[in-house]
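Here is a short, friendly tour of one model, taken a piece at a time. Have the viewer open as you read.

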Amino acid sequence: MNRIVLIGNGFDLAHGIPTRYEDFINWYWEQWLINLKCCYFRTLSDGLCTFSIKSGQDTWHSLLFQLGYTFSAPKGVDFVNYIFENKQDFEIIQSHLLYRICKSIQDKKWVDIENEYYHLLKETIDNPESLGCNPKELNKQLQRVLDLLTQYLNSLQIKNTPYNRLVKDIILAPIRIEDVAIESLQHIYEHCNYWANQGRHALYKQLGEDEVPSEQVLAIRAKVDEFLQKNTAKYPDERFGILDIKKVPSQLLRPFNTMLLSFNYTCITDIYAQLCSCVANHIHGDLKDSSRMIFGYGDELDDSYKGFLRQEDNECLRNIKSIRYLESTNYRNMLQFIESAPFQVYVMGHSCGNSDRTLLNTLFEHKNCVSIKPYYYQKQDGSDNYMEIVQNICRNFTDMKLMRDRVVNKTYCEPLPQISK
């Protein structure tokens, strides 16, 4: 029995790392203010946005000096708002993607950049003349966003982030019988029977014991021996059978292999992979090699996807994740893992939104998936986002009956531990 831990942006946030897209955009405006201080022209552009002075003879450098921004300055976002409010003197021209990003933050207080990109991509195909943008130009904008996002994430002090012992314990915890789908309980029986039939030595090895048993290990052995004696068939030629699954020692239910399937670009996942002696799979790449980072959209179940395939312009498919997965072995490694044995899914900080729908559908509806357990965010007012995660998980299923059986109900779920500040 194995386990896959889906690690999303909420996992980094739980460790005090400001990796929201809103944090990134605030940083982006801060960089603009820094660059304008050194600009000896009236206009400056970066491929996503253009700042212009409409009146007077000042350059940005001299103007900011007059305003007192050279030595002390407001926050970047406040400065940008000031420019927006003075339309007679200044002008900011945003690209289509940046405009959508900022509008989402303004209206909803959050943004999913990949989702905004996908909606824009559909518009460039359905009505290119009204939008005034084509897929090639939109892809350039997305690449520029990714380049800047990489700069921002590299600027954060992530390597020194402390790990959370509670999170480590959750990753290593035994599989609870209550978490397993009804249709998958047979997997548990077969799993326990398998290890019992391998003999005690194989079972001890599964428990991860040292060559010289400690007192704790000897106590575990005694319990296992007692359990086997009570449940082994009377005749030597009969196979071992589990009489009561609820009485199986927890050591037998510990995952044999665990994969931390990270959708983040940061190294927090690697810290836990080392601590828990498990595999880290950065399915979208990481900051070590920015050229292989995947940033786009992955929803083949969406009706518009077939329309993309009918287009002769390959730019329409350039940032579709299911195609970009072919550039590395990460996706193949995940497939090998889920085909190897029954597995449980933990969801830690991943919203399970539509931007990863193709991959999540492959995991959630796989014949070997026995359970999907979300660890939700507990807010200060006592509310939480369990239902939002489950609603998103639901969209990744095509079989609703299967979804209701595999998703662990809230009674047996708990909040994702947060780093104390």
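## Helix 2 and its buried residues

In this predicted model, helix 2 buries a good number of aromatic and aliphatic side chains alongside one glutamate: Y21, E22, F24, I25, W27, Y28, W29, W32, L33 and L36 are buried. Each of these residues therefore has a relative accessible area under 20%.

How far does helix 2 reach from its first C-alpha to its last? Its 17 residues, 21-37, reach 25 Å, which is close to the 24 Å expected at 1.5 Å a residue.

## Where helix 2 meets helix 5

Two packed helices are described by the angle between their axes and the distance between the axes. For helix 2 and helix 5 (residues 96-108), the axes come within 11 Å and cross at roughly 120°. That angle makes helix 2 oblique to helix 5, and the crossing is left-handed.

On the helix 2 side, the contact is made by E22, I25, Y28 and W29; helix 5 contributes L98, I101, C102 and I105. By residue class, the contact divides into 7 nonpolar, no polar and 1 charged. E22, I25, Y28 and W29 also appear among the buried residues of helix 2.

## A look at Q143

Further along the chain, Q143 is found in helix 8 (residues 135-155). Is Q143 buried, exposed or partly exposed? Q143 counts as partly exposed because its relative accessible area is 41%, and that class lies between the 20% and 50% cut-offs.

Q143 and F295 are 152 residues apart along the chain, yet their C-alpha atoms are separated by 8.3 Å.

Key
Residues are numbered from 1 along each chain as its sequence is written. This is a predicted model: local features need pLDDT of at least 70, side-chain atom pairs count only at pLDDT 80 or more; totals for chains, interfaces and linings use all residues. Side-chain values use heavy atoms; hydrogens and water are left out. Helices (H or I, at least four residues) and strands (E, at least two) are DSSP runs, numbered from the N terminus. The expected span of a helix is 1.5 Å times one less than its number of residues. Buried means under 20% relative accessible area, exposed over 50%, partly exposed in between (1.4 Å probe, protein chains only). Axes are lines fitted to C-alpha atoms, for helices over the stretch in contact, and angles run from 0 to 180 degrees between N-to-C directions. Angles under 35 degrees count as roughly parallel, over 145 as roughly antiparallel, 65 to 115 as roughly perpendicular and the rest as oblique. A crossing is left-handed if the near helix is turned anticlockwise from the far one by less than a right angle, and right-handed if clockwise. Contact means heavy atoms within 4.5 Å. Ala, Val, Leu, Ile, Met, Phe, Trp, Tyr, Cys and Pro count as nonpolar, Asp, Glu, Lys and Arg as charged, and the others, Gly among them, as polar.
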